[in-house]
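Trainee: I'm new to this one and would like a close look at a single part before I take in the rest. Could you start there and then connect it to what lies around it?

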Amino acid sequence: MKKISPFLFMQLFLIGLGSSFVGPLIPILVSDFNIRLDKIGLTLSIYSFSVFIGSLFTGILIEKLGRRNIFILSNIFFIISFLTIYFSRYFILFTICYAIFGLSWGAIYVNLISMMSNFSYLYISKKIIILNISFALGAAVSPLVVGCVSFLNFNWRYVFLSIAMIDMILLIFITLFALFNNEIFYNIKSKENFKKLIIANNKLFLNLIIILCGFIIFFHSGLTTTFSDWFTTYFKSLNISLNISSILLTLYSLIFILGMFFKSFLVARFDEKKIINFFSISSFIILFITFFIKWIVVKTILILLFGFSASAIGSLSISVGIKLDPEYSGSIVSMINSFGWAGIIIFQYLTGYLFAKYSAMGLFFITTIALFILVIFTNILNIYYKSVNKMNQ
């Protein structure tokens, strides 16, 4: 597994780059396609819905069809979607292709997290965070790429073409490597009776821990993804150029990654649920204060602190869920991760609507409310675990 891990991290890096490229590109897309911001918001919601569908059904498909088949098929969809975007001249085609990419990356993510959790159960929290760091690194690079595209007056379509070509090479290498190392895509439940699989999934879906972790990632993924995607558009409303805001977004993303590294070490000393609760509260306090600050420098510093504090909460909630039944890691990741994308669907469209109809402050309004509700659910999770521990004593 150690030999193939760097290439799996590279896979998530490409997905992070591709999925985060559209957010900072919004001002350019509005100009090139001559569309309104609410249409961009709708496109991002459709894309998020596609990731939601890809995440929701991949778990059970992995258990039945095996990881290798799902991995290859999802990567083929990834490559085709980005190649088609390169040739797209109409916004409707761009939206359709980006939605297909969403299906593929939802499937790839669930596949890789499930694979990693089965190979490293003892260090599952840390491994999941590290795997997500590779995605976050791709997301951090994307605004720099957008800044270069803007500064050099470069055609943004070539970025999608380049990502497709790199992923094609990566897919060929990983597939060939797997032919001689069958354990890479080994799947414990692949031959299990389908009826038993459905029954097991229903029990997991009704488990209170899965539900609580699902709602935690619903609000966390919704607010953090939306915040990153609309970051440059928000700063544009403050009369900050795209070049500068892209650099700020990269800095924000790097600090977000630093927060993930920090929490990957914290899980060795503290309970995951307490970490989730503490940083949810601190994130809410920081962003609530930011809402009332008018000085751009101070506001930017607080936003960077918010990024450090808000990182890894979703990753840790997935880890808490997987520990209930590691043998069904694929199904559990699908369930919890699909909650997150349901949140992103809602938050993306609401943010685009508020941007178009009212003002850029709508981003802070939605994010602050989401953080407040997130704090409530993290407290419920901690209280429930304390009550269960007392009953077991």
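What is the relative accessible area of Lys273, and does that make Lys273 buried or exposed?

Mentor: Lys273 is buried, with a relative accessible area of 10%; here buried means under 20%, exposed means over 50%, and partly exposed is anything in between, using a 1.4 Å probe and protein chains only. Before going on, keep in mind that this is a predicted model, where local features need pLDDT of at least 70 and side-chain atom pairs count only at pLDDT 80 or more, while totals for chains, interfaces and linings use all residues. Residues are numbered from 1 along each chain as its sequence is written, and side-chain values use heavy atoms, with hydrogens and water left out.

Back to Lys273. Its side chain meets that of Asp271 in a salt bridge, 3.0 Å from N to O (the term needs a side-chain nitrogen of Lys or Arg within 4 Å of a carboxyl oxygen of Asp or Glu). Asp271 is less hidden from view: a relative accessible area of 31% puts it in the partly exposed class. The general idea is that side chains of opposite charge can pair when their charged atoms come close.

Now look at Glu272. This residue forms a salt bridge too, with Lys323, and the closest N and O atoms are 2.9 Å apart. That pair links distant parts of the chain, 51 residues apart: Glu272 belongs to helix 11 (residues 272–292), whereas Lys323 sits in the loop between helix 13 (313–322) and helix 14 (329–357). Helices here are DSSP runs of H or I with at least four residues, strands are runs of E with at least two, and both are numbered from the N terminus. Glu272 counts as buried, at 8% relative accessibility, while Lys323 is partly exposed at 36%. The structure holds two salt bridges, and you have just met them.

Let's zoom out. The chain has 15 helices and zero strands. Of its 393 residues, 58% are buried. Look at contacts (heavy atoms within 4.5 Å) between residues at least 6 apart in sequence, and 85% of them join residues at least 24 apart.

Helix 14, which follows the Lys323 loop, packs with helix 8 (residues 208–229) at an angle of about 40 degrees, the axes being 7 Å apart. Those axes are lines fitted to C-alpha atoms over the stretch in contact, and angles run from 0 to 180 degrees between N-to-C directions. Helix 8 and helix 14 are therefore oblique to each other; under 35 degrees would be roughly parallel, over 145 roughly antiparallel and 65 to 115 roughly perpendicular, with oblique covering the rest.

Another pair to find is helix 10 (residues 242–266) and helix 12 (residues 296–310), whose axes come within 7 Å and cross at roughly 35 degrees. Where they meet, helix 10 brings residues including Leu248, Leu251, Ile255, Phe256 and Phe262, and helix 12 brings residues including Ile303, Leu304, Phe306 and Phe308. Past helix 12, in the loop before helix 13, is Ala312. Although Ala312 is not a glycine, it has a positive phi of about 70 degrees, and it counts as buried at 3% relative accessibility.

Asn34 makes a nice counterpart. It isn't a glycine either, yet its phi is positive, about 55 degrees. You'll find Asn34 in the loop between helix 1 (5–33) and helix 2 (37–65), where it is exposed, with a relative accessible area of 69%.

Finally, follow helix 1 itself. It packs with helix 5 (residues 124–152) at an angle of about 40 degrees, with the axes 6 Å apart. That makes helix 1 oblique to helix 5. Within helix 1 you'll find Gly16, which is buried with a relative accessible area of 0%. Gly16 and Leu137 are 121 residues apart in sequence, but their C-alpha atoms are 7.1 Å apart in space. Setting aside neighbours within four places in sequence, Gly16 is in contact with Phe135, Gly138 and Ala139.

One more buried spot is Asn111, in helix 4 (residues 91–119). Its relative accessible area is 0%, and, neighbours within four places in sequence aside, Asn111 is in contact with Ile62, Arg67, Ile70 and Phe71.
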